[in-house]
Amino acid sequence: MKPLYLLPLAAAAARQNLIFMISDGFGLTSETMARAYMQAHNEPWSSLLDSMLTGTVRTQSASSLVTDSAAGATAFACGIKSYNGAIAVDTQGAPCGTIVEAAKNRGYSTGLVTTARITHATPAAFAAHVADREMEDLIAIQLLAQNATTQTPTVDLMLGGGLCHFLPQSHAQSCRGDNTDVWLAAQRSGFATLTSRREFDALSASSRLPLVGLFAPSHMAYEIDRNPSDQPSLAEMTQRALDILGKQSPDGFFLMVEGARIDMAGYDNDPAAHLRDIIEYWRTVNIVRQFVITHPDTLVVSTSDHETGGLTLGIDPEYLWRPELLKPITKSAESLCAHLHKLRKSQSSDVSEFIFNTMLPEYLGIHNATDNEVEEIVRVLDNDKGHKRCKRTVGNVVSRRAHIGWSTGGHTGTDVGLYAFGHRADDFRGCMENTQLGRRLMQYLDVNPNEITKQLADIPTKQHAFVYRPHHDHD
């Protein structure tokens with residue numbers, strides 16, 4: 001049997017715009033949680049996604065019934081199943097042409113917007129090809145590649161985080177393993193580059209392409225922690241991308257938008273951070289819908305690569321959950337645990353006292369904390385690499401009180417929602433494999449990745465001196 005991406009495509013009548021949105025780690029229960037929270041404070045209220053629901057997507061990868069983001073994005077981008085960790089390569093490690101590359105080949109403009117590192121698994125799988133998702137130094141280089149047919153950059157516009165993989169090892173903010181200055185290479189290749197909020201605010205619909213804006217060394221801040229004077233939001237980045245691509249794409253465009261940190265909050269079992277990033281994703285959906293309404297040749301499709309956390313609403317023994325307890329929370333478990341570890345290391349103040357008198361009442365809205373809750377957090381501060389135990393413990397202190405449950409600190413194998421609105425939205429109805437969805441996106445644009453796949457046969461897919469480590473989507 002031929003691979004899925006070699007099967008013939010149905011023809012589309014004309015070129016058009018396609019906005020593909022990925023709410024990373026967002027399951028159907030996450031939608032329920034956020035809807036109930038909003039209804040508790042804004043009755044009556046409904047989610048825009050509810051009105052766009054057209055089906056569900058099955059998420060397994062070629063190597064597991066529980067996918068990771070790399071294999072999930074590869075299914076969307078290439079229309080094939082691959083192994084967990086694969087970035088736009090097949091199960092044998094050979095590159096597969098992506099919808100972004102095929103769209104560029106046909107004259108479409110292309111863009112990637114994310115709140116993760118731009119080199120992270122989901123955005124990477126649309127324009128890079130590596131054997132392991134952790135090869136982000138190589139991914140950074142590949143994201144700047146030229147299309148062989150058009151001799152222009154494959155990706156015209158990139159907005160997100162992840163500057164550290166573009167800076168040479170000698171730079172204080174670098175996370176590269178070598179001294180390659182990818183940022184300088186981007187500038188010499190003709191990319192307009194920006195790193196600050198001021199530069200972002202100066203963008204207009206006429207801003208020069210190609211363009212790459214990276215506003216954090218690693219991932220961008222959770223929405224609950226974001227300082228608006230430092231970083232743009234997902235909605236703001238998406239609006240600016242639509243302004244630019246909408247004006248400068250006479251032959252249409254493909255734009256991928258990822259709400260990445262929904263997933264990472266699920267890893268931490270942090271319901272408040274999860275919730276606030278979902279609400280920001282909804283704001284972004286609203287912006288995209290408004291664009292679609294005024295551009296009737298445009299389709300938006302939204303889905304998730306997988307669910308994260310095994311979220312449940314209601315825990316034994318009571319039939320209830322309490323969304324109102326999430327309202328007073330003003331900081332993520334990530335930011336709180338980073339501060340706790342600094343206090344612990346400096347020994348300048350009593351950590352238990354800070355947790356009881358400041359952290360729990362002021363930032364988490366807990367004014368009747370028990371000694372057990374304080375001790376539970378203090379205990380996990382030792383030998384806590386990456387603050388993972390602390391983040392999950394803080395998240396679970398909040399979750400227990402709100403009667404929210406989590407079955408895992410990773411992904412689950414459940415189906416996820418499929419949402420569509422605009423031109424030919426009815427083509428995206430039913431329960432389908434993630435690879436089928438990828439194929440339908442290609443059909444909508446009338447693009448075929450076969451020729452791209454042939455052109456990619458000799459590109460390097462392995463990073464020099466790469467040291468393998470277990471995959472963690474939120475790192």
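This passage walks through a sheet, two helices that go with it, the enclosed cavities and one buried arginine in a predicted model.

A good place to start is the sheet. Ten strands form an open sheet with mixed pairing, and their order is β5-β6-β4-β3-β7-β1-β8-β13-β2-β14. At its edges are β5 (192-194) and β14 (430-433), each of which pairs on one side only. From one strand to the next, the twist averages 15°. In general, the strands of a sheet pair through backbone hydrogen bonds, either parallel or antiparallel. Here, strands β8 (residues 298-303) and β13 (residues 416-422) run antiparallel and are joined by five bridges. Within this part of the sheet, serine 302 stands opposite tyrosine 419 in β13.

Helix α16 (residues 434-445) lies across several of these strands, namely β1 (17-23), β2 (53-58), β7 (253-259), β8, β13 and β14. Relative to β14, helix α16 runs at about 100°.

Helix α3 (residues 69-78) is worth a closer look. Ten of its ten residues are buried, so helix α3 is largely enclosed by the rest of the structure. The buried residues include Ser69, Thr74, Phe76 and Cys78, as well as Gly72 and several alanines, among them Ala70 and Ala71. What covers them includes the strands β1, β8 and β12 (411-412), together with the helices α4 (99-105), α5 (121-124) and α16. Both ends of α3 can be described as well. At the N-terminal end, aspartate 68 acts as a cap, with a side-chain oxygen 3.3 Å from the backbone nitrogen of alanine 70. Just after the helix, glycine 79 takes a positive phi of about 80°.

The next topic is empty space inside the model. Rolling a probe the size of a water molecule over the atoms shows where such space is left. The structure holds three cavities of 30 Å³ or more, and the largest has a volume of about 100 Å³. This largest cavity is lined by 13 residues, of which Thr115, Glu223, Leu234, Asp277 and Glu280 are the closest to its centre. Helix α11 (residues 271-294) gives the most to this lining, with three residues.

Finally, attention turns to arginine 197, which is found in helix α8 (residues 197-201). Buried means under 20% relative accessible area, so arginine 197, at 12% relative accessibility, counts as buried. Leaving aside neighbours within four places in sequence, arginine 197 is in contact with Arg226, Pro228, Ser229, Asp230, Gln231, Pro232 and Glu236.

Terms used: Residues are numbered from 1 along each chain as its sequence is written. This is a predicted model: local features need pLDDT of at least 70, side-chain atom pairs count only at pLDDT 80 or more; totals for chains, interfaces and linings use all residues. Side-chain values use heavy atoms; hydrogens and water are left out. Two strands pair if DSSP finds at least two bridges between them. Helices (H or I, at least four residues) and strands (E, at least two) are DSSP runs, numbered from the N terminus. Axes are lines fitted to C-alpha atoms, for helices over the stretch in contact, and angles run from 0 to 180 degrees between N-to-C directions. Contact means heavy atoms within 4.5 Å. Buried means under 20% relative accessible area, exposed over 50%, partly exposed in between (1.4 Å probe, protein chains only). A polar contact is a pair of N or O atoms within 3.5 Å; within protein, one must be able to donate a hydrogen and the other to accept it, and residues adjacent in sequence count only if both atoms are side-chain atoms. On a 1 Å grid over the protein atoms alone, a cavity is a set of points where a 1.4 Å probe fits but cannot get out, and a pocket is an open set with protein on both sides within 12 Å along at least five of seven lines; lining residues have an atom within 4 Å of a point. Grid points are joined across faces, edges and corners, and a volume is the space filled by probe spheres set on the points.
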